[in-house]
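Hello,

Here is the structure I promised to pass on. Have a look at it first, and my notes on what turned up follow below.

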Amino acid sequence: MSDASINASTLREDEAGFGDYFALLKPRVMSLVVFTALVGLVAAPVPVNPMVGFCAILFIAIGGGASGALNMWWDADIDRVMRRTRGRPIPAGKIEPGEAMVLGLALSGLAVVMLGLATNPFAGLFLAFTIFFYVVIYTMWLKRATPQNIVIGGAAGAFPPVIGWIAATGDMAIEPWLMFALTFMWTPPHFWALALFMRSDYDDAGVPMLTVTHGRRVTRTHILVYTGLLAVLAVGAGFSDIGGPIYLVVSVVLNALFLRGAWRISRRDEDASESDNFAVERSFFRLSLLYLFLHFGAILIEAVLKPFGLGGW
Amino acid sequence: MSFKTTHELHKRRFGRNLGVGLVLAGFVAIVFGLTIAKVTSGDFQMKKSTVSGAKN
């Protein structure tokens with residue numbers, strides 16, 4: 001019998017394909033990691049060899065993907081319960097949890113070592129810390145322990161521009177931390193809006209989402225407070241070295257729209273939301289995606305124009 | 001010897017093997033490209049003091 005033959009004992013109709021393993025890396029989250037890390041790298045005041053820059057972004061993305069695989073390994077039990085995550089490769093029965101763990105650990109090691117070699121050891125270490133923070137501090141510890149889980153998870157997702165900056169400069173500065181703060185403050189309103197209209201998911205999974213522990217009214221107020229703080233920070237960053245006139249215009253417009261959305265969410269009651277199937281919450285969530293993309297896009301444009309004497313202040 | 005029709009599973013496994021092969025080939029190309037970039041930008045150049053020290 002050749003190893004390629006099919007018999008009843010080895011046949012699994014739901015055997016994973018290459019795409020299923022790729023899905024373990026959470027490609028959509030990875031795209032955000034790639035984009036924000038790229039902005040951090042380009043905004044840094046040090047020219048980077050394009051090949052080195054490409055490798056830096058690639059290995060940061062692989063590190064982010066590895067965190068995703070480890071997250072899916074650990075959270076397989078709650079992913080089975082939630083409608084939104086039920087189709088993921090582990091709950092769908094295509095990939096064993098152990099396989100995801102091995103893939104996540106192997107890719108983490110590869111990404112950290114290769115980023116360190118391609119750029120500088122500090123960047124590699126910072127990527128290792130980010131993976132540790134997301135997998136151990138957030139996924140294993142605080143996600144199921146505190147209703148502030150989203151705030152902490154937001155920190156993990158906010159590190160990529162800092163890593164990109166360190167990869168370019170080998171040093172720390174205030175500017176990448178402004179980019180960090182932007183994603184950090186953006187994450188809670190973004191996810192709480194999602195939690196408002198994906199209501200049963202987090203309840204069923206027993207994840208202590210703010211909507212579950214403190215109620216939906218408190219969540220609505222929290223969205224407004226965080227959006228207000230975010231607006232101050234985002235517009236304020238426009239006057240720093242990563243900002244400029246283009247960024248400032250983009251930021252003022254987006255924050256006005258975002259604040260309006262948060263205000264409307266805070267004024268609504270459950271009956272109003274139910275009656276239009278959470279239209280305001282859904283549109284706020286969609287706007288939040290655009291919000292982050294355009295803010296980082298504006299920082300990127302300012303950085304790209306700077307050598308021509310056009311970007312920045 | 002009988003000729004069996006290709007099972008759907010064979011196709012899926014081929015896709016997986018092809019994917020892994022391409023990823024590995026890509027990784028080799030990236031390491032090669034990175035090495036060229038590092039060498040040509042002088043990252044691996046020895047310091048003058050080290051070179052003269054070795055001569056003594």
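What percentage of the 313 residues in chain A is made up of buried residues? Please keep in mind that this is a predicted model. The answer is 48%.

**Chain A as a whole**

You will find helices throughout your tour of chain A: its secondary structure comes to 15 helices and zero strands. The radius of gyration of chain A is 21 Å, and the globule rule gives 20 Å for 313 residues, so chain A is as compact as a globular protein of that length. Along the principal axes, the C-alpha trace of chain A spans about 70 × 55 × 30 Å. Among the contacts in chain A with a separation of 6 or more, 73% join residues that are 24 or more positions apart.

**Two domains**

Chain A is divided in two, with domain 1 covering 18-172 and domain 2 covering 173-313. The C-alpha centres of these two domains of chain A are 21 Å apart. Where they meet, 29 residues of domain 1 of chain A are in contact with 28 residues of domain 2 of chain A.

Which helices supply the domain 1 side of that meeting in chain A? At least two residues each come from α2 (27-43), α4 (76-81), α7 (149-158) and α8 (160-169) of chain A. The largest share belongs to α7(A), with eight residues. Sorted by class, the side of domain 1 of chain A that touches domain 2 of chain A has 17 nonpolar, seven polar and five charged residues.

**Helix α5 of chain A**

Helix α5 of chain A (residues 97-118) is a good one to click on. With 22 residues at 1.5 Å a residue, α5 of chain A should span 32 Å, and its end C-alpha atoms are 31 Å apart, which agrees.

Several residues of α5(A) are buried, including A:Ala100, A:Leu103, A:Gly104, A:Leu107, A:Ser108, A:Ala111 and A:Leu115. An α-helix has 3.6 residues a turn, so residues three or four places apart point the same way. What do the buried residues of α5(A) pack against? Their partners in chain A are α1 (18-23), α3 (50-74), α6 (121-142) and α8, and they also pack against α1 (8-40) of chain B.

**Where the chains meet**

That brings us to chain B. The contact between the chains takes twelve residues from chain B and eleven residues from chain A. On the side of chain B that touches chain A, four residues are nonpolar, six are polar and two are charged.

Enjoy exploring!

Best wishes

Technical notes: Residues numbered from 1 in each chain as written. Chains lettered and ligands numbered in written order. Predicted model: local features only at pLDDT ≥ 70, side-chain atom pairs only at ≥ 80, totals over all residues. Contact = placed C-beta atoms within 7 Å. Nonpolar A, V, L, I, M, F, W, Y, C, P; charged D, E, K, R; others polar. Domains from an automatic or database assignment. Helix = DSSP H or I, 4+ residues; strand = E, 2+ residues; numbered from the N terminus. Expected span 1.5 Å × (residues − 1). Buried ≥ 20, exposed ≤ 12 C-beta atoms within 10 Å, placed from the backbone. Rg over C-alpha atoms; globule rule 2.2 N^0.38 Å.
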